[in-house]
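Subject: Structure handover

Hello,

Here is the structure for you to look over. My notes on it follow below.

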Amino acid sequence: VRMPTDAPPPLLNVTVPTPFSTAVPLDDLTEDTHGASNHLKGALRCTGQLQPIVLESLPSGEYRIRDGNRRVAAARSLGWTHVQADVYAGLTEAQWALVVAGVHNRSANPVEEARLYGTLTQTLTEAGIAANTGVPVQVIRARLSLLNLPGDVLDLIGTRTLSLSVAERTAKLRGVHAERAVHEIRAAAQDGKAFTATHLKAVTVARANALG
């Protein structure tokens, strides 16, 4: 029986294999980052590496860093020779999304979560994502709503320009009102200023006036 094309994705239980945990030489890794912050280097120097990085073992025998680029850069700058890693091989993108979502549950990055959940919606329903990650459905929906925003605006969340709460409210706007809010957020970022709830209210008041 063929499912209709507009049917929701099935509720699946995505199983992730147990990783191989090992110390990996830094010479075997190439990080994708512009450098490590002094805060992160200080944390590694004082407390050591508390969480392993996550690596994908490629058929070529090389590694791809799936999570931990900045920690690798920090370790390298401190003169370390190895880092602890959880190594996976042959995972699907849905499995990778679950692995990295589990990592970010320990140190939440709402934008990264949104993108991971977006990947998972290709395989799972929202309830399925919740069942596999332990994250409440309402939180998943709030994160997914952020994907209504352009990528450059998403990258501003958590900076001085844009808080998560204002971003979530902005993501609910549509049409010309959403375009106006995005324009003002970009202008605020260019000027090094904050786009606050007060600025957003001005947009929503204009929206109400237009509707009324």
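At 37% relative accessibility, Asp-152 counts as partly exposed. Bear in mind that this is a predicted model.

Asp-152 has a charged partner. It forms a salt bridge with Arg-186, and the closest N and O atoms lie 2.8 Å apart. This pair ties together distant parts of the chain: Asp-152 belongs to helix α7 (residues 151-154), Arg-186 to helix α9 (residues 175-190), and 34 residues separate them. Arg-186 is partly exposed too, with a relative accessible area of 39%. Both values fall between the 20% limit for buried and the 50% limit for exposed, so neither residue counts as buried.

Now a pair on the other side of that limit. Arg-143 and Glu-113 form a salt bridge, with 2.7 Å between the closest N and O atoms. Here too the pair links distant parts of the chain: Arg-143 is in helix α6 (residues 137-145), Glu-113 is in helix α4 (residues 110-120), and they are 30 residues apart. Arg-143 has 13% relative accessibility and counts as buried. Glu-113 has 6% and is buried as well. Buried means under 20%, so both ends of this bridge qualify.

Is each end of the Arg-64 and Glu-56 bridge buried or partly exposed? The ends split. Arg-64 is partly exposed, at a relative accessible area of 40%. Glu-56 is buried, at 11%. Their closest N and O atoms are 3.1 Å apart. The pair also sits in a wider set: salt bridges link Glu-56, Arg-64, Arg-66 and Glu-93 in a network.

How many salt bridges does the structure hold? The count is 11. The pairs described above are among them.

One helix to finish. Helix α1 spans residues 38-47, and its buried residues are Leu-40, Lys-41, Gly-42 and Leu-44. Note that a lysine, Lys-41, is on that list. In an α-helix there are 3.6 residues a turn, so residues three or four places apart point the same way. What covers the buried residues of α1 includes helix α2 (69-77). Right after α1 comes Gly-48. Its phi is positive, near 80°.

For a quick look, I would open the charged pairs, then α1 and its cover.

Best wishes

Note on methods: Residues are numbered from 1 along each chain as its sequence is written. This is a predicted model: local features need pLDDT of at least 70, side-chain atom pairs count only at pLDDT 80 or more; totals for chains, interfaces and linings use all residues. Side-chain values use heavy atoms; hydrogens and water are left out. Buried means under 20% relative accessible area, exposed over 50%, partly exposed in between (1.4 Å probe, protein chains only). Helices (H or I, at least four residues) and strands (E, at least two) are DSSP runs, numbered from the N terminus. Contact means heavy atoms within 4.5 Å. A salt bridge is a side-chain nitrogen of Lys or Arg within 4 Å of a carboxyl oxygen of Asp or Glu.
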